[in-house]
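This briefing addresses selected local features in one chain of the structure shown below. The points are grouped by topic.

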Amino acid sequence: MSAVEESVLRILNGDPLRLLLAVHLFAFPTFRRRPFFGLKAVLTALPLLLGFEIVYQLSPGGLLPGNPLLDRALLLLPAVWLYLTLRICYVCTPRERLFSTSSALALQNLAFSLFWIAKTVAGFPETSWPALWVSWGMLLLIYGTVLLLFWDYMLDREGHTLPMNRVSQNAIVIVLFVLFFTRRFGGTSFDVYLGLAYSFADVLALLMQIGLIRETDLTLKNEIVEQLLASEQKKQRMTAENIELINRKCHDLKHQIEALRHISSDDERNAYIKQVEDAVLFYESAVKTSNETLDLILMEKQLYCKEHGITLTGVCDGARLNFISTPDLYALFGNALENAIESVSGEAAENRIISFRAGVRGDFLSIHIENYLGHALTMRDGLPLTTKNDLSYHGFGMLSIRHIVDKYGGTMSIRTDQKLFRLDILLPCAEPAEA
Amino acid sequence: MYRIAVVDDLPEERDRLSDYLRRFAAERKLTLTVDCFEGGERFLEAYDNNYEIVLLDIEMQGIDGMATARRLRERDESVCLLFVTYLANFALEGYSVHALDFLVKPVSYENFSMKMERALVAADRARKKEIIVSTPEGDRRIRIDEIYYVEVMNHTLIYHTKAGVISVRGPIRDCEERLTPYDFARCNKSYLVNLNYVTEIRRSEIRVGGDLLPVGSTRRQSFMQQLTEFMGDIVL
């Protein structure tokens, strides 16, 4: 076998390539790729692949054969390089890079250990064509399995905001393990039982990572349930207030009518009639958008707003909203308006202003809801931040809105400027709109 | 410079809105001219596409605000319309005349200034502006609101407009800088799209002025964001 052929075999069946494939396996389906992705992926791969080969050529026994501890510590360099590769090729956060890098290290170690067992049992040299085919066959199998196991996370990483402390704990454990319990660089001190032990530990490490994802998934679901619960309570409170309000108005009305019977002077009677008129006008806040669900939501919110000195106005053609199912429409407008009401309730009386607009252009529907906002908001992932202790403001119910927007294949945007909070939603209409 | 019309049959309401407008102009350092009309007929007689924003009272003697708005819309589709009313009206009617919003009486200054802010944005969008490009046959004026999209091909910019196709040599970067303030956005590396003419969104394509253009996967998110915000700002 020629020296060149050996080098090629070493690169194609080497740890660096396994590492690179592992890291892209975790990142490719998960993160948005940066511009010129292909070029960047190749340029980041080359130094790692060639670097290892050059080091091997210079010193087959490791860089520092005299100092095994330091020699192993040098294996940190590829891990750092993988982290940088992720930074260059994909749009992702540091914790996501840490998570992907450490998972890739464990996966690579697993693939290598299993290959080493197969090689030892079958008895072919590491650098040979049969070894390459066996190695790649196993690689496909192992990486494929891991891809399936992590698939949910990859498709929905937004739902899994991994906690930094846990990500780094896992990463430290895996990195230390891989550094000190792998074969020495270029060395061959490895047998079947060690291989099995290492594989077992690698599988544990990967399960640890999956466990982390499942846990955040659970936390997220809990958060949603908590939000739903709190929103139900708020709705009940508003409805109760509305009923109380109507009762009070009816009571007033009864007295005013009673009084009318006994009034003789025209002026006084007119003044009373005016009062009665006002009371009735209260219900007549013409909510007619030609969408029954929306009318209902607006009617209820309008009652609440009037009583609390909030100006709520809007312009829309409700018929154009018919393609949204009743529960979704209720959740969308209900949550958005409740958020706005909650937000302006904390403002000075003259600033309690909410306005909305919904309209269609081409084949999409635009919904715009804005309200006065006297203070700054902290945003996270494009949504206003809320914590359990701070259920006011806008973050509340936003998850639910985003869920519906996603369901209809739409886009949403939140802007806060010029003392305004603006929520924009764009949904593709299911039915073609007439001109 | 904005020209604003106030239409209301009550002198005290006209005075109040004019005062608000003066205060608003002073605070924002804007130049405004304000004309007051005491009825819909008077206003329609005087109207000659000469206002950017119209504040229109609904409950008026003679023809009411809604009827005035309908007749106004027959003549001008783009002027920005704000209703002033006693009753908060979530109206379909308001939508049918493309009103921006309602101001509920008694109008507070805070409410007024918030809605005026929006009206200015909408009014700016409706302004008809032009750019001048040099073609081999000489300089040509192109109305920005008539550009569907700009395509770049081998250092040539191709303006697809209502008036036809105009080719100019030049880099897309310059053109992007000039047009981005007027609601243009890049949907992929070779198309700069007037958001006003986007009528359909597909998975990897959009329809602009009748043509289907590809959307780059890296640009899709930011393009959709810009489109969503644009649609929220204009009066549909």
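**Chain B: a sheet and a loop residue**

B:E200 has B:R207, in β14(B), as its bridge partner. The model is predicted, and the points below concern the sheet to which β14(B) belongs and the loop residue B:I63.

**Sheet**

- Strands β13(B) and β14(B), the latter spanning residues 205–208, run antiparallel and are joined by 3 bridges.
- The open sheet of chain B consists of 3 strands in the order β13-β14-β15, with antiparallel pairing.
- The edges of this sheet are occupied by β13 (198–201) and β15 (211–214) of chain B; each has a single partner strand, so one side of each is left without a neighbour in the sheet.
- On average, and with direction ignored, neighbouring strands of the sheet are turned by 30° against each other.

**Helix on the sheet**

- Helix α7 of chain B, residues 220–233, packs on the sheet and touches β13 and β14 of chain B.
- The direction of helix α7 makes about 130° with that of β13(B).

**Loop residue B:I63**

- B:I63 is located in the loop between β3 (53–57) and α3 (65–75) of chain B.
- The relative accessible area of B:I63 is 18%, which is under 20%, so this residue counts as buried.
- Leaving aside residues up to four places away in sequence, B:I63 touches B:G40, B:E41, B:L44, B:T68 and B:R71.
- One of these contacts, B:E41, is 22 residues from B:I63 in sequence, and the two are 7.1 Å apart in space, C-alpha to C-alpha.

Methods
Residues are numbered from 1 along each chain as its sequence is written. Chains are lettered from A and ligands numbered from 1 in the order in which they are written. This is a predicted model: local features need pLDDT of at least 70, side-chain atom pairs count only at pLDDT 80 or more; totals for chains, interfaces and linings use all residues. Side-chain values use heavy atoms; hydrogens and water are left out. Two strands pair if DSSP finds at least two bridges between them. Helices (H or I, at least four residues) and strands (E, at least two) are DSSP runs, numbered from the N terminus. Axes are lines fitted to C-alpha atoms, for helices over the stretch in contact, and angles run from 0 to 180 degrees between N-to-C directions. Contact means heavy atoms within 4.5 Å. Buried means under 20% relative accessible area, exposed over 50%, partly exposed in between (1.4 Å probe, protein chains only).
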